[in-house]
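Me: Got a model open and want to poke at the labels people stick on it. Mind if I ask where each one comes from?

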Amino acid sequence: MRIVYFIPSLENSGGIERVLGVKTDYLIKQLNYDITIVTYNQENEHFFFKFNDSIKFIHLKFDKQPFVSQKNLFKSFLNKRRFQKKYKKKVIELLKERSFDFAISLGLGEEKYFLHTIKDGSKKILEFHFSHYYYYRNVHNASWIKKIMLSIYLKYLCFVFGKYDAFISLTKEDAREWKKSNNNVYTIFNPLTILPKKEVNLENKNAVSLGRLVSDKGFDMMIEAWKLVNIKHPDWKLNIFGSGELDSELLKLIKINGLESIVVLNSTISNVEEAFVESSIYLLSSRNEGLPLSLMESMVFGLPSVSFNCPYGPSELIDDGLSGFLVERDNVVDFARKICILIENSDLRKKMGMKAEIKSREYQLDVIMNEWNNFFNSLKEK
């Protein structure tokens, strides 16, 4: 099988990049696939995660990248359309020059708008790492004009995504939403990207969370919750690993709440095992998710979790009350209360952690990649 993946850049430390590295490595080593990865916003040859040496990398270069202007949406739209035209021309040349069985957009790049239109003989797949809710999350607070524009845009997206040979959703709950408008939707979970080399005893007085420091991840709510936790358990600490645009704002929030020595913002790490083995509880405060990889990985290490029941993913990973706690969205007080329950009961932490580890076996690499291999073979025959 010959597959080409499209992603803007491999410099980032996100779950999409990490999963891509693990999946392509398996496809090459275990299934003898031929893999090409195409980028258009890669500044250099530096990748945050390691990729298999057999992968063919194609870094497309453009004089001017698209930008989003909040002040002038029309100008932003024209800019992106110009870029898409140049980008599409190069993608057409690439696909017709080489013979691929599958061309896959990971949903991050501009190719998702046009890849399905290219007639080169390859099957077109949109592997979407965001939830259906991702595009609806700002509707309620928008002006009526923006609500109309967003509604039109969402209908356009559903129309475009429905033209792919296959649309891959990461969770069953999210897939049900997409199936309301499209009939090409499949569900394949992300695989686990790590296996523990060290045991976690769940006795360290640390909670941990990983993610980009952006609004969607809800770290502001996590910090507010920890302020309540700290009143009862000042000897426990919270470590947050990540980077992003809200770095300074979160540091300010930590300072305002007098948590400078209690809540620590750490830079992104490639070896997440280090973060898990020193912790006893995993926290997820996201406002929305695709499928939270860090939560999955914490389960492998046997960490019980407390998570907002956001759309989508946590409810499919956590068995509420058994392997962790699901909390009503944005309910900071209950979030803090459930954390305290785990802090105060070591036996419960260990019991839930064991259940979490057992649940994580459903997402082991061999299991998920066997699903992908069967999917590719089935789609190729259609």
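**Labels and where they come from**

Reply: Go ahead. One starting point is a pair of strands: β5 and strand β6 (residues 166-169) run parallel to each other, joined by three bridges. Keep in mind that this is a predicted model.

Me: What makes β5 and β6 count as paired?

Reply: Two strands pair if there are at least two bridges between them, and β5 and β6 have three, so they qualify. In β6, Ala-166 is the bridge partner of Ile-125.

Me: And what does β5 do with strand β4?

Reply: β4 (residues 102-105) pairs with β5 in the parallel sense too, over four bridges. There, Ser-105 has Leu-126 of β5 as its bridge partner.

Me: Why is β5 called largely enclosed?

Reply: Because five of its five residues are buried. Lys-123, Ile-125 and Glu-127 point one way from the strand, while Lys-124 and Leu-126 point the other way. In general, side chains in a regular strand alternate between the two faces of the sheet.

Me: How do you know that Lys-124 is buried?

Reply: Buried means under 20% relative accessible area. Lys-124 comes in at 3%, so buried is the label. Its side chain meets that of Asp-120 in a salt bridge, 2.6 Å from N to O.

Me: What makes the contact between Lys-23 and Glu-127 a salt bridge?

Reply: The cut-off is a Lys or Arg side-chain nitrogen within 4 Å of an Asp or Glu carboxyl oxygen. Lys-23 and Glu-127 sit at 2.6 Å, N to O, so the label fits. This pair links distant parts of the chain, with Lys-23 in helix α1 (residues 15-29) and Glu-127 in strand β5 (residues 123-127), 104 residues apart. Both Lys-23 and Glu-127 are buried.

Me: How many salt bridges does the structure hold?

Reply: The count is 19. Among the residues involved, Arg-2, Asp-34 and Lys-56 are linked in a network.

Me: Why is Ile-145 called partly exposed?

Reply: Partly exposed is the zone between buried, under 20%, and exposed, over 50%. Ile-145 has 44% relative accessibility, so it lands in that zone. Ile-145 is found in helix α3 (residues 144-161).

Me: What lets Ile-145 join a surface patch?

Reply: Patch members need over 30% relative accessible area, and Ile-145 has 44%, so it clears that bar. Together with Trp-144, Ile-148, Met-149 and Ile-152, Ile-145 makes a nonpolar surface patch of about 560 Å².

How values were computed
Residues are numbered from 1 along each chain as its sequence is written. This is a predicted model: local features need pLDDT of at least 70, side-chain atom pairs count only at pLDDT 80 or more; totals for chains, interfaces and linings use all residues. Side-chain values use heavy atoms; hydrogens and water are left out. Patches are made of residues with over 30% relative accessible area and no salt bridge: like charges are joined within 9 Å, nonpolar side chains (Val, Leu, Ile, Met, Phe, Trp, Tyr) within 5 Å. Accessible areas come from the Shrake-Rupley method with a 1.4 Å probe; for residues, only the protein chains shown count as cover. Helices (H or I, at least four residues) and strands (E, at least two) are DSSP runs, numbered from the N terminus. Buried means under 20% relative accessible area, exposed over 50%, partly exposed in between (1.4 Å probe, protein chains only).
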